[in-house]
Amino acid sequence: MTYALPPLNALRAFEAAARHLSFKLAAHELHVTPAAVGQQVKALEARLGVQLFERLHKQLILTAAGQAYLPGVSEGFRHIAEATSQLKPSGALLLQLGVHAGFDLRRLDLAAFRDVHAEIGLRVLQPAGLHELVEGKVDLLIARSLGHHPGYRCNRISEGTGRGDWLIAPEGTADCPEIVGFRAWLRTMADEKAHAVGRPRLVGGVGS
């Protein structure tokens, strides 16, 4: 059976915006810009041929079509989330890695990490930010930041100064075997691929 589904990113944007009745709050949850949420919703409306929101001055209101559509979409995402939570990646130790929205996961070659570290069950949440790390939804985070976060150990994985990609872990768990293993793997990969274009490099650290 083939499911006739709109793009999932557009559905996520609609569902988050409908729950918050705000493109801004939906954007914060999804770690994108409000403009990106608005564009996704507009594209979804064009695809479906119906208007889902009334866009008033500083106010977002669901249309009758949007109100009818929301419960089914939310229920669908809930079922997917529950099914996903039942899956247990192989490995005695579970590592939940958060990654910011703009990061290309192909840079990490996670399949290679899983091959080398069969003892670590790796699960990835993208997009994710400091909010997910603080709430304990992820154990380790690749964030686009300045790398200064009190109470967290930060290692830069991109060269240069200013904002960049950083590997961030809470100080209290930064030395857990699975986090040490991932950090060491990044460092080993940096040593082996020091001159390869587009490969992550662990080039500096900030501790608090």
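In the predicted model, a salt bridge joins the side chains of Arg153 and Asp175, with an N to O distance of 2.9 Å. This pair links distant parts of the chain, 22 residues apart. Arg153 belongs to strand S6 (residues 152-156). Asp175 sits in the loop between strand S7 (164-170) and helix H7 (177-192). The two partners fall into separate accessibility classes. Arg153 has a relative accessible area of 24% and is therefore partly exposed. Asp175 reaches 54%, so this residue counts as exposed.

The whole structure holds 11 salt bridges. Another of them pairs Arg55 with Glu45, whose closest N and O atoms lie 2.9 Å apart. Arg55 is in strand S1 (residues 53-56) and Glu45 is in helix H3, so the contact ties together parts that are 10 residues apart in sequence. Glu45 is buried, because its relative accessibility of 10% is under the 20% limit. Arg55, at 41%, is partly exposed.

A salt bridge within a single helix is formed by Arg78 and Glu75. Their closest N and O atoms are 2.5 Å apart. Both residues lie in helix H4, with a spacing of 3 residues, or about one turn of the helix. Arg78 has 36% relative accessibility and counts as partly exposed. Glu75 is also partly exposed, at 34%. Salt bridges also link Glu15, Arg19 and Glu29 in a network.

Pockets were examined next. The largest pocket contains about 1,100 Å³ of space. Its lining consists of 27 residues. Nearest the centre of this pocket are Arg12, Ala81, Leu125, Gln126 and Pro127. Five elements are listed as giving two or more residues to the lining: H1, helix H2 (23-30), helix H4 (64-86), strand S4 (120-125) and helix H6 (130-134). H4 supplies the largest share, with 7 residues. Helix H4 is also the element that holds the Arg78 and Glu75 pair. By class, the lining comprises 10 nonpolar, 9 polar and 8 charged residues.

The second largest pocket has a volume of about 200 Å³. H1 and helix H3 (34-48) each give two or more residues to its lining. Residues that line this pocket include Asn9, Ala13, Leu30, Val32, Ala36, Val37, Gln40 and Ala101. Arg12, Gln126 and Pro127 line the second largest pocket as well; these three residues are also among those nearest the centre of the largest pocket. The lining of the second largest pocket divides into 7 nonpolar, 3 polar and 1 charged residue.

At the surface, Met1, Tyr3, Leu5 and Leu8 make up a nonpolar patch. Together these residues present about 550 Å² of accessible area. Tyr3 is placed in the segment before helix H1 (8-20). With a relative accessibility of 59%, Tyr3 counts as exposed, because that class begins over 50%. H1 itself is one of the elements that give two or more residues to the lining of the largest pocket, and H1 does so for the second largest pocket too.

Methods. Residues are numbered from 1 along each chain as its sequence is written. This is a predicted model: local features need pLDDT of at least 70, side-chain atom pairs count only at pLDDT 80 or more; totals for chains, interfaces and linings use all residues. Side-chain values use heavy atoms; hydrogens and water are left out. Patches are made of residues with over 30% relative accessible area and no salt bridge: like charges are joined within 9 Å, nonpolar side chains (Val, Leu, Ile, Met, Phe, Trp, Tyr) within 5 Å. Accessible areas come from the Shrake-Rupley method with a 1.4 Å probe; for residues, only the protein chains shown count as cover. A salt bridge is a side-chain nitrogen of Lys or Arg within 4 Å of a carboxyl oxygen of Asp or Glu. Helices (H or I, at least four residues) and strands (E, at least two) are DSSP runs, numbered from the N terminus. Buried means under 20% relative accessible area, exposed over 50%, partly exposed in between (1.4 Å probe, protein chains only). On a 1 Å grid over the protein atoms alone, a cavity is a set of points where a 1.4 Å probe fits but cannot get out, and a pocket is an open set with protein on both sides within 12 Å along at least five of seven lines; lining residues have an atom within 4 Å of a point. Grid points are joined across faces, edges and corners, and a volume is the space filled by probe spheres set on the points. Ala, Val, Leu, Ile, Met, Phe, Trp, Tyr, Cys and Pro count as nonpolar, Asp, Glu, Lys and Arg as charged, and the others, Gly among them, as polar.
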